[in-house]
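Here are my notes on the model you sent, set out as numbered points. Please read them with the sequence and the coordinates open beside you.

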Amino acid sequence: MRAKISYAVTAAVLVVYFVLVGSRGVLLIEAGTPLTVAFGVAVLILPVIGLWFLWKNTAFVRDANRLAAELDAEGGLPVDELKRLPSGRIDRDSADEVFARRKAETEDAPDDWRSWFRLAVAYHDARDTPRARKAMQRAIALHKTSH
């Protein structure tokens, strides 16, 4: 719940920021000189890119949460079996062991969104965020085609 609140607050702050920046871009365009119009258009591009990124990221999180809920209802969420260091961090060897099993599971069932979801969790536990995101995107895509 805490992560959802943090995400919502961050998203709201970004939207306010985009509105403020966008309004400055409009003011520059209204000034009417070629230089201010060029700057105004450039300034308006930034909030558009930011809003697109925020929209895509929010859709990704929503879809991943939907998959997690469905997998939980099926009883298929991965169990946290990772060993932890005294500091609370995940033991690297333990993460590598779980990752190897998840990767083999995905290789055995490459068209199953569930195995890709569990692989994404294993990547995340191994602190490989880019691959975790790609694996989750694959899980989402496979889920959409299977339903």
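1. For the charge count that follows, Lys and Arg are taken as positive and Asp and Glu as negative, while His and the chain ends are left out. On that basis the chain carries 21 positive and 18 negative charges, and the mean positions of the two sets lie 7 Å apart. Please keep in mind throughout that this is a predicted model.

2. As to secondary structure, the chain has 5 helices and 0 strands, and reading along the sequence therefore gives the pattern α-α-α-α-α, with helices numbered from the N terminus. Among the helices that matter for the points below are helix 2, covering residues 34-74, and helix 3, covering residues 92-108. Helix 4 (113-125) and helix 5 (129-146) come into the last point, together with the loop between them.

3. On overall dimensions, the radius of gyration of the chain is 21 Å, whereas a compact globule of 147 residues would have a value near 15 Å. The C-alpha trace spans about 65 × 40 × 25 Å along its principal axes. Of the 147 residues, 30% are buried, and the chain exposes about 9900 Å², of which carbon and sulfur atoms supply 65%. Among contacts with a separation of 6 or more, 52% are between residues 24 or more positions apart.

4. The structure holds 10 salt bridges, and one of them joins Asp-63 to Arg-66, with the closest N and O atoms 3.1 Å apart. How many residues separate Asp-63 and Arg-66 in helix 2? They are 3 residues apart in that helix, which means that about one helical turn lies between them. Asp-63 has a relative accessibility of 10% and therefore counts as buried, the cut-off for buried being under 20%. Its partner Arg-66, by contrast, is partly exposed, with a relative accessible area of 44%. This pair does not stand by itself, since Asp-63, Arg-66 and Lys-144 are linked in a network of salt bridges.

5. In helix 3, the side chains of Arg-92 and Asp-96 meet in a salt bridge, at 3.8 Å from N to O. These two residues are 4 residues apart in helix 3, so about one helical turn separates them. Both ends of this bridge are partly exposed, Arg-92 at 44% relative accessibility and Asp-96 with a relative accessible area of 35%.

6. A further salt bridge in helix 3 is formed by Arg-102 with Glu-105, whose closest N and O atoms are 3.4 Å apart. Arg-102 and Glu-105 are 3 residues apart, about one turn of the helix. Is Arg-102 buried or exposed? At 12% relative accessibility, Arg-102 counts as buried, while Glu-105 is partly exposed, with a relative accessible area of 22%.

7. Finally, please look at the backbone of Arg-127, which has a positive phi of about 65 degrees although it is not a glycine. Where does Arg-127 lie? Arg-127 is found in the loop between helix 4 (113-125) and helix 5 (129-146). With a relative accessible area of 48%, Arg-127 is partly exposed, because the class of exposed residues begins over 50%.

How values were computed
Residues are numbered from 1 along each chain as its sequence is written. This is a predicted model: local features need pLDDT of at least 70, side-chain atom pairs count only at pLDDT 80 or more; totals for chains, interfaces and linings use all residues. Side-chain values use heavy atoms; hydrogens and water are left out. The radius of gyration is taken over C-alpha atoms; the globule rule is 2.2 Å times the number of residues to the power 0.38. Buried means under 20% relative accessible area, exposed over 50%, partly exposed in between (1.4 Å probe, protein chains only). Contact means heavy atoms within 4.5 Å. Accessible areas come from the Shrake-Rupley method with a 1.4 Å probe; for residues, only the protein chains shown count as cover. The place of a charge is taken as NZ of Lys, CZ of Arg, CG of Asp or CD of Glu. A salt bridge is a side-chain nitrogen of Lys or Arg within 4 Å of a carboxyl oxygen of Asp or Glu.
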